[in-house]
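Hi,

Here is the structure I promised to pass on. Have a look at it first, and my notes on what turned up follow below.

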Amino acid sequence: YSDGYLKGKEERPQGEWVPVSERLPENRDWYLGLFKEPYTDFICIPYICDYVGEVTKGTTNEGWILRQCTDVDTVSDYFRNLICVAWQPLPKPYMRGG
């Protein structure tokens, strides 16, 4: 993670969502992702995820790994069909006394 990340030439502060319609993560890393159900458009709680950019039997249909939901041999159709709408880097870790 970093204190911010770039969107073109414009800096986005930590904690701001990036719509996938604007861009996808450029590097493999863990992110927070907002996913919606394809039939209801219900947006789920954020998932810790990684964008791998290719569809495998352990990813969503868009190539995202959802921590503890995909990246296994058997992924339920519910998780496989989720659609990412936005993502952001993980927040800074908790520091005791700081």
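Let me start with a loop residue: Asp 41 is partly exposed, because its relative accessibility is 47% (buried means under 20% relative accessible area, exposed over 50%, and partly exposed in between, with a 1.4 Å probe and protein chains only). Asp 41 sits in the loop between S4 and S5; helices (H or I, at least four residues) and strands (E, at least two) are DSSP runs numbered from the N terminus. What made me stop there is the backbone: Asp 41 has a positive phi of about 65°, though it is not a glycine. Most residues other than glycine have a negative phi. Gln 68 is another case, with a positive phi near 65° in a residue other than glycine. Gln 68 lies in the loop between S6 and helix H1 (77-80), and it counts as exposed because its relative accessible area is 75%.

Some housekeeping before the rest. This is a predicted model, so local features need pLDDT of at least 70 and side-chain atom pairs count only at pLDDT 80 or more, while totals for chains, interfaces and linings use all residues. Residues are numbered from 1 along each chain as its sequence is written, and side-chain values use heavy atoms, with hydrogens and water left out.

On confidence, the protein chain has a mean pLDDT of 85, and 85% of its residues reach 70 or more (pLDDT is the predictor's confidence in each residue, from 0 to 100). Residues 1-10 have pLDDT below 50, and beyond near neighbours in sequence this stretch has 26 contacts in the model (contact means heavy atoms within 4.5 Å).

Now the overall layout. The protein chain has 1 helix and 7 strands, in the order β-β-β-β-β-β-α-β along the sequence. Of its 98 residues, 36% are buried. Taking contacts between residues at least 6 apart in sequence, 42% join residues at least 24 apart. The accessible surface is about 6500 Å², with 52% of it belonging to carbon and sulfur atoms (Shrake-Rupley method, 1.4 Å probe; for residues, only the protein chains shown count as cover).

Which strands does S4 pair with? S4 (residues 31-36) pairs antiparallel with S5 (residues 47-51) over 3 bridges, and 6 bridges join S4 to S7 (residues 83-89), also in the antiparallel sense. Pairing here requires DSSP to find at least two bridges between the two strands. Leu 32 is a handy marker: it stands opposite Ile 48 in S5 and opposite Gln 88 in S7. S4 is mostly covered, with 5 of its 6 residues buried.

S5 has a further partner, as 3 bridges join S5 to S6 in an antiparallel run. In that pairing, Cys 49 stands opposite Leu 66. S5 is largely enclosed by the rest of the structure, because 4 of its 5 residues are buried.

Those strands also feed the largest nonpolar core, which has 15 residues; Phe 35, Tyr 47, Cys 49, Trp 64, Leu 66, Phe 79 and Leu 82 touch the most other members. A nonpolar core is a set of buried Ala, Val, Leu, Ile, Met, Phe, Trp, Tyr and Cys residues joined through side-chain atoms within 4.5 Å. The elements giving two or more residues to this core are S4, S5, S6 (64-66) and S7, and S5 gives the largest share, 3 residues. Leaving out residues up to four places away in sequence, Cys 49 touches several others, including Trp 30, Leu 32, Phe 35, Trp 64 and Leu 66.

Pro 25 is worth a look too. It is found in the loop between S3 (18-19) and S4, and it counts as buried because its relative accessibility is 8%. Apart from neighbours within four places in sequence, Pro 25 is in contact with Tyr 31, Tyr 51, Trp 64 and Trp 87. Pro 25 and Gln 88 are 63 residues apart in sequence, yet 8.6 Å apart in space, C-alpha to C-alpha.

Last, the cysteines. How many disulfides are there? The count is 0, with a disulfide taken as a pair of cysteine sulfur atoms within 2.5 Å. The sulfur of Cys 44 is too far from its closest cysteine sulfur, in Cys 69, for a bond, because the distance is 9.5 Å. Cys 44 is buried at 8% relative accessibility, and Cys 69 is buried at 17% relative accessible area.

Cheers
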